[in-house]
Number of protein chains: 2
Amino acid sequence: MEKRYLFTPGPTPVPPEVLAATAEPIVHHRGSDFRIVYERALVRLREVFRTTSDVLLFAASGTGAMDSAVANLCEPGDTVSVVSHGSFGERWIAICEQYGLDVRPIRYEWGEAPDPDEVASAVREAGAGVVLCQQSDTSTGVVSDVRAIKAAVGDPVLVVDAISSLGAVPLEIDAWEIDVAVSGSQKALMSPPGLAMASVSQRAFERAVPARSFYFDWPRTKKAQDALDAAFTPAVSLVRGLDVALGLLLEAGLEAAFERHVRLGRAARAGVKAMGLELFSPDDDSSAVVTAVRVPDGIDGNDLLRHLRDAHGVTLAPGQAHLKGKIFRIGHIGWFDIFDIAAALAAVELSLIELGAEIERGAAVARAFEAFEGRVAT
Amino acid sequence: MEKRYLFTPGPTPVPPEVLAATAEPIVHHRGSDFRIVYERALVRLREVFRTTSDVLLFAASGTGAMDSAVANLCEPGDTVSVVSHGSFGERWIAICEQYGLDVRPIRYEWGEAPDPDEVASAVREAGAGVVLCQQSDTSTGVVSDVRAIKAAVGDPVLVVDAISSLGAVPLEIDAWEIDVAVSGSQKALMSPPGLAMASVSQRAFERAVPARSFYFDWPRTKKAQDALDAAFTPAVSLVRGLDVALGLLLEAGLEAAFERHVRLGRAARAGVKAMGLELFSPDDDSSAVVTAVRVPDGIDGNDLLRHLRDAHGVTLAPGQAHLKGKIFRIGHIGWFDIFDIAAALAAVELSLIELGAEIERGAAVARAFEAFEGRVAT
């Protein structure tokens with residue numbers, strides 16, 4: 001009977017109408033019923049990516065789309081630059097290493113945002129033809145300025161991991177001339193996990209090499225999609241759900257979504273600070289995807305998350321790698337409103353008090369609403 | 001309002017309780033709620049594969065698991081033998097070619113079953129270290145004797161595509177010493193498409209090479225699964241559905257499922273013949289997955305399938321490649337009973353009559369029930 005709250009940066013809560021769509025009877029992927037849904041989902045994806053280029057859709061988790069970028073753009077021994085400022089930057093590095101590339105990491109402290117000019121000069125020095133980066137690294141809450149990175153980097157193919165940022169913060173594939181961006185269904189796209197996508201510009205297709213993967217081969221996928229077919233049996237129920245979710249997102253408008261995410265971030269930060277906790281993620285409006293918080297002294301982060309879950313049905317995300325136990329993260333992407341922030345903050349406050357911390361009751365939620373409504377400076 | 005009938009060999013109809021499970025609220029993949037489901041699904045998969053080895057689970061369509069086998073077992077230039085007797089044998093060849101292997105096809109006419117001794121001598125002649133084959137090629141309805149193929153082939157690693165056969169016809173991974181078998185959620189496992197799996201024996205792990213894929217890397221997947229984690233965000237809603245579907249399958253028992261599929265095949269063949277149509281798939285009990293039927297003279301196969309769908313809401317599968325328009329296929333795998341066969345046959349009979357064929361009304365359904373009940377020699 002206990003209500004459950006999912007406040008993690010992925011998977012994220014999925015609206016009931018999306019869940020209901022995924023439970024509709026299965027139809028054949030080559031039948032006219034599915035083609036209508038498939039075509040509309042592909043059109044809507046292009047609208048969300050703000051591109052007229054192809055958005056390739058895979059049955060996979062987001063990492064599958066990351067893998068596809070490396071498999072289609074790089075040959076063994078190629079020099080690539082990877083901008084890494086968190087767990088997912090390290091994932092880019094691991095993928096590139098698996099494919100036998102000459103990987104030149106451009107590493108920042110976890111929690112720092114990359115400097116576009118520094119990145120550009122490191123790329124030039126390495127002579128890299130492909131640059132891989134994150135728009136949002138959920139391990140830290142940092143959202144980087146991929147528009148400026150592309151402008152600074154220039155000619156090399158830029159691949160942006162927008163898995164947790166697409167639909168939450170602005171990403172203009174065509175206007176910013178982003179060559180490739182990958183994403184997943186289970187973040188701000190408000191859908192269950194299991195679908196990955198890659199926007200691939202004409203320029204990126206021209207720079208592509210023969211794919212070192214059959215399943216993630218871009219030209220094969222494009223050719224099939226162009227015929228409104230799918231190269232392999234698509235995850236029809238997930239595509240149906242994604243189509244409904246994209247409809248909800250576009251109906252309200254992307255700009256409204258971006259503004260909501262900024263205000264949710266403000267609310268989360270204001271509430272966290274009102275509790276006397278220290279932010280780990282940046283304390284500015286770029287931080288619209290996930291709010292990372294330092295666990296207060298004397299409290300074990302793992303205990304806190306376990307208590308939140310077991311005593312109150314609230315799931316937050318832990319720190320990753322060396323941040324395990326030291327931070328916790330409140331995701332606020334996708335199907336998320338101010339009342340969710342309030343619930344997350346209230347649950348953290350209650351749990352910390354139950355674990356022995358001294359916190360003024362009620363301040364966090366009050367400050368969060370004020371910040372959301374724009375009644376306080378943030 | 002029209003009722004729809006999905007009688008294709010994949011995706012297949014999914015029981016409502018499985019669909020309902022996929023629509024439950026999304027939970028975090030690292031939380032205790034999901035771990036219980038994940039662990040149980042993995043245990044049940046091993047039961048269905050009849051193995052104590054690992055069954056690796058991927059968010060992907062079945063082709064992803066096929067890709068994983070080639071990416072984990074072969075290096076460029078390796079000689080492999082591919083047994084091909086249909087569209088999916090050709091897919092093995094295409095995958096192997098994409099990975100730069102020296103592919104030695106062992107081709108049979110579409111509709112013929114491979115001869116294990118012939119296969120073994122071709123493998124020996126090629127000096128192949130890996131052999132890839134289908135247990136069921138749904139393009140033709142042929143189910144091959146993979147137990148005999150493994151016994152004849154001996155030492156080389158045998159990779160069996162059991163995508164459409166697992167859960168429909170016997171497959172004993174451990175008893176038959178099958179090194180690798182791949183499958184998918186959307187066939188006899190009665191689940192929506194989007195999950196792929198690969199059973200990998202200890203011996204296959206020992207023969208594996210450094211994976212030429214990040215997403216489909218077997219050791220990384222095994223290591224994560226051993227910790228009841230997943231290497232990447234799993235398709236949580238699909239895993240939940242699969243768990244329920246596997247529970248249904250195992251509760252009734254695999255032997256009961258195998259027997260039901262044999263009897264469904266008998267019923268389909270008896271009905272088809274009673275209509276005066278010619279079978280394309282073998283006219284024996286091996287043909288328990290899909291019944292392929294030659295389109296009668298004077299009727300266009302595409303017209304027939306369109307009419308079935310548009311006039312009666314019934315989806316059957318067309319012929320593939322050079323069989324397009326020449327055959328149609330009735331899938332009868334997974335959540336399928338004799339009343340489904342009756343509906344499929346009645347719809348074909350009605351549609352053929354509406355398209356101008358002369359067919360005795362009612363004979364097909366009557367003979368189908370007799371064959372299903374074992375009251376006629378088949």
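This passage describes the fold of chain A and the way chains A and B meet in a predicted model. In this model, local features need pLDDT of at least 70 and side-chain atom pairs count only at pLDDT 80 or more, while totals for chains, interfaces and linings use all residues. Residues are numbered from 1 along each chain as its sequence is written, and chains are lettered from A in the order in which they are written.

Chain A holds 13 helices and 14 strands, where helices (H or I, at least four residues) and strands (E, at least two) are DSSP runs numbered from the N terminus. The C-alpha trace of chain A spans about 60 × 55 × 35 Å along its principal axes. Of the 378 residues in chain A, 59% are buried, a residue being buried if 20 or more other C-beta atoms, placed from the backbone, lie within 10 Å of its own.

Between the chains, 46 residues of chain A are in contact with 46 residues of chain B, contact meaning that the C-beta atoms, placed from the backbone, lie within 7 Å. On the side of chain A that touches chain B, α1 (16-22), α3 (62-73), α4 (87-98) and α9 (236-252) each supply at least two residues, and α3(A) gives the most, with four residues.

Chain A is superposed on chain B by a rotation of 180 degrees with 0.0 Å of shift along its axis (RMSD 0.0 Å), the fit being made by least squares on the C-alpha atoms of residues with pLDDT of at least 70 in both. The two copies are therefore related as by a two-fold rotation axis.

Notes. Contact = placed C-beta atoms within 7 Å. Buried ≥ 20, exposed ≤ 12 C-beta atoms within 10 Å, placed from the backbone.
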